[in-house]
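Please find below some notes on the model, set out as numbered points for a colleague who will want to check each of them against the coordinates.

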Amino acid sequence: MTGGNSRNRGRKVAVIGAGSWGTTFAKILSDAGCDVTLWARRPEVASEIQVGRRNSQYLPGINLPKKLKATSDLQTALRGARLVFLAVPSQTLRQNLLDLEPYLDRRSVLVSLVKGVEKTTTMRMSEVISDTLDLDPERIGVISGPNIALEIAKEQPTGAVASCADLSVAQEIATAASAPYFRMYVNTDVVGTELGGVLKNLIALAIGIVDGVGYGENTKAAIITRGLAEMTEFAVASGADAATLSGLAGLGDLIATCQSPLSRNNTAGRLIGQGYTQEETKEQMQQVAEGITSVPPVLELARERGITMPIVEQVQMVLSGRMAPKNLGPHLATEDDVPQPELTLGGKEPGRWRRFIDRLKGHQS
């Protein structure tokens, strides 16, 4: 698909990481009219993209744009790039940032495409960027949404959210990535946008596990719905806006990741549900499922915030061998036998509906 965005003419951007999502995002930016250089860790991958217009290991059968450049040299990739998109594994991001720091333009904005939490610090990716490079919030952005790479590389239409503390920077990021098949929205809720992308992986693992066991649509629908409640409660307790979690970065991403056989977390869960160990699962997939590495740090943060996450707790129990996969699900909503309300969000200000109920109770007493 061609066309692109005339506002992107001459806009130099870099993408760091040439896996399936990094390569797909470089294609989006190129199709949006940007001047894109993609950095690959391995010279042979950069060469295949640059010369053959392919990345056969990660995006088999996809032809990449003729004007997309690729290199394995960080200095070349970053030269003149105002926007730098990061698509590397969450656990290597800090080291990647240290490697690229010497070549970074003082005004450039770093945009995380990574959906994970740093295991050693429990930091979100934007926090890792801030901590490593000491950048102001208006120089850090995140993009999240229902982003199954291969589908987007095939130009199947979808949307995503660009978020930055500075709305005008979020709009700049969104403009750069607005391709004919890729619709961008904006917000300033970096916490919610980022946490949606992290937390949905944990619920997708649960979906994969029950799928592997052989449970059907009711179980999956219950886990998705209860999972969204857990995600929202956790995000709001972390300072996010609840509305973000019912948008593309929350519910949208959750549905895509839970439904798609192309989702790494869903696939990993399914293999575990079928009885494979974590090691065997890793071997079979040859790719990282971010959800598995995010489970312990997310539960640690949840405990700090006084939040219970029964589904994520059960995923942890299955991963550590303390629960049989077939037992994930029956006690979805609560850890005891007392029926609970579906979702209560913390906050000092009670909603109008709650005030109305309280008034009714007052009249009756």
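1. Residue L199 belongs to helix α8 of what is a predicted model, and its relative accessible area of 1% lies under the 20% limit, so L199 is classed as buried. When neighbours within four places in sequence are set aside, the contacts of L199 are with M231, F234, V298 and M309. The C-alpha atom of L199 is also 7.8 Å from that of G291, although 92 residues separate the two along the chain.

2. Helix α14, which covers residues 290-304, deserves a check of its length. With 15 residues at 1.5 Å a residue the expected span is 21 Å, and because the C-alpha atoms at its ends are 22 Å apart, the model agrees with that expectation. This agreement should be read together with a kink in α14 of about 30 degrees, which has its centre at P296. Just beyond the end of α14, G306 adopts a positive phi of about 70 degrees.

3. How is α14 placed with respect to the rest of the structure? Of its 15 residues 11 are buried, and α14 is therefore largely enclosed by the rest of the structure. Among these buried residues are E290, G291, I292, T293 and S294, as well as V298 and L301. The partners against which the buried residues of α14 pack are α8 (190-213), α9 (217-237), α12 (264-273), α13 (278-285) and α15 (310-319); one of the contacts of L199, a residue of α8, is with V298, which is itself a buried residue of α14.

4. Three aromatic pairs emerge from a search of the whole structure. In one of them, F25 and F85, the ring centres are 5.3 Å apart and the planes meet at 40 degrees, an angle that falls between the limits of 30 and 60 degrees, so this pair counts as tilted. Since F25 sits in helix α1 (residues 20-31) and F85 in strand β4 (residues 83-86), the pair ties together parts that lie 60 residues apart in sequence. Both of these residues, F25 and F85, are buried.

5. F25 also pairs with F182, here in an edge-to-face arrangement with 5.9 Å from centre to centre and 90 degrees between the planes. This pair links distant parts of the chain, given that F25 in helix α1 and F182 in strand β8 (residues 182-187) are 157 residues apart. Relative accessible areas of 0% for F25 and 1% for F182 place both residues in the buried class. Through ring pairs, W21, F25, F85 and F182 are joined into a cluster.

6. Which internal space remains in the model, as far as cavities of 30 Å³ or more are concerned? The search of the whole structure returns one such cavity, and the largest cavity holds about 40 Å³ of space. Its lining is made up of S112, V114, K115, V142, I143, S144, T193, E194 and G197, with β6 (140-144) and α8 each supplying at least two of the lining residues.

7. For the protein as a whole, the model contains 16 helices and eight strands, and 54% of the 365 residues count as buried. Among contacts with a separation of 6 or more, 70% are between residues 24 or more positions apart.

Notes:
Residues are numbered from 1 along each chain as its sequence is written. This is a predicted model: local features need pLDDT of at least 70, side-chain atom pairs count only at pLDDT 80 or more; totals for chains, interfaces and linings use all residues. Side-chain values use heavy atoms; hydrogens and water are left out. Helices (H or I, at least four residues) and strands (E, at least two) are DSSP runs, numbered from the N terminus. The expected span of a helix is 1.5 Å times one less than its number of residues. The bend at a residue is the angle between axes fitted to the seven residues ending there and the seven starting there. Buried means under 20% relative accessible area, exposed over 50%, partly exposed in between (1.4 Å probe, protein chains only). Contact means heavy atoms within 4.5 Å. Rings of Phe, Tyr and Trp (its six-membered ring) pair if their centres lie within 6.5 Å; planes under 30 degrees apart count as stacked, over 60 as edge-to-face and the rest as tilted. On a 1 Å grid over the protein atoms alone, a cavity is a set of points where a 1.4 Å probe fits but cannot get out, and a pocket is an open set with protein on both sides within 12 Å along at least five of seven lines; lining residues have an atom within 4 Å of a point. Grid points are joined across faces, edges and corners, and a volume is the space filled by probe spheres set on the points.
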